[in-house]
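Q: Could you walk me through this model the way you'd read it yourself? I'd like the general idea each time, then the case at hand.

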Amino acid sequence: MGAWGPGLYSDDVTEDVRGIYVDKLHRGKNGEQASKEMIAEFEWAWSDEDDAPVFWFAMADMQWNYGRLQEEVKKKALYYLDDMKNLQRWEHENLKMSEKRKQVLNELRKKLNTLQPPEKKVSQYRLYHCQWKVGDMYAYQLEGEYAKDRGLNGKYLLFYKIAESIWWPGHVIPVVYIKLTENNEIPKTREELEKLEYIQASVLNSNDFSDKFIIDAHGKWKNRDFEADEYGYLSIYRFQLISTSKKSIPKKLSYIGNFLNLTPPDKEFIMEIKENIRPIDWKKVEEDVLTKYFLYNKRESVIYGSLDR
């Protein structure tokens, strides 16, 4: 169970129940739907002798708080509240803490046996869906202090959408490659765009990718072929642009056009799990992207060892 205190939400299971249950209400689930989904998703908890009591305690408490207490959930919680085995482990491990735990559970019992409040209104998430099409490219002129300090003022970052990803709690955001122009002019043709280098997002040490690691942690990478650079690193080029509303998109972006099937980066290692793609916040886009540019493209870092060789 992993409890760190006697409180009702002082363990991993109840913390998860509280957060996920409220998340479902924000997604428009009614009380019955949310309850059924929670019970299905947390079977691993309520089927476990140690985790079952705390699961039902948290479920009953959260449902009561939001005026959505299901009779089935109430009965389960009261059953475990009356089960003396519940406190025996606490008494064995920490007698002083067990007294506090007993008080917490007594308060929960009283609460569940009183009339629950009216159903509480829960606001719904307002989710953003980026309207960029795959192949769309936008130009962003560098004008910040970091760009000026590094001699890139006036040049452009080019954002090229290649896919989509989901940003919590459900925003649909673009996955992009990013290029840097050679001067203060926006390229006008596919040929001009092809000549520009891609900015690298991150690297992975190829030595970490044994067959076992790939199978255990990233099943989709099983038997994948990948090619490391001359320093033994896997090159990653994809970014996620965090976009949660139209207001989060800079007004200074200039649409260049749609350029499907541009040549991808050479020796690119593609993260199969989209959540692992490097996220970039528009508020810090210049410094974040340029930091990666100097770190990985220009290799101003000790991670590559001596660059004199």
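Q: What share of the protein chain counts as buried?
A: Buried means under 20% relative accessible area, exposed means over 50%, and partly exposed is in between (1.4 Å probe, protein chains only). Here, 46% of the 309 residues of the protein chain count as buried. Bear in mind that this is a predicted model: local features need pLDDT of at least 70, side-chain atom pairs count only at pLDDT 80 or more, and totals for chains, interfaces and linings use all residues. Residues are numbered from 1 along each chain as its sequence is written, and side-chain values use heavy atoms, with hydrogens and water left out.

Q: How many helices and strands are there in the protein chain?
A: Both are DSSP runs numbered from the N terminus: helices are H or I with at least four residues, strands are E with at least two. The protein chain has 11 helices and eight strands.

Q: How do I read a single helix, say α4?
A: Start with its expected span, which is 1.5 Å times one less than its number of residues. α4 has 15 residues and covers 21 Å from its first C-alpha to its last, close to the expected 21 Å. It's mostly covered, too, with 14 of those 15 residues buried. After α4 comes Gly 67, with a positive phi near 65 degrees.

Q: And the largest pocket: what is its volume?
A: On a 1 Å grid over the protein atoms alone, a pocket is an open set of points where a 1.4 Å probe fits, with protein on both sides within 12 Å along at least five of seven lines; lining residues have an atom within 4 Å of a point. Points are joined across faces, edges and corners, and the volume is the space filled by probe spheres set on them. The largest pocket holds about 270 Å³. It's lined by 13 residues, and the closest to its centre are Glu 49, Asp 50, Pro 53, Lys 85 and Asn 86. α4 (51–65), α5 (71–81) and α6 (85–93) are the elements giving two or more residues to that lining, and α6 gives the most, with four.

Q: Is Leu 295 buried, exposed or partly exposed?
A: Leu 295 sits in helix α11 (residues 285–297). It counts as partly exposed because its relative accessibility is 23%. Leu 295 also lies 8.8 Å from Ser 202, C-alpha to C-alpha, though they're 93 residues apart in sequence.
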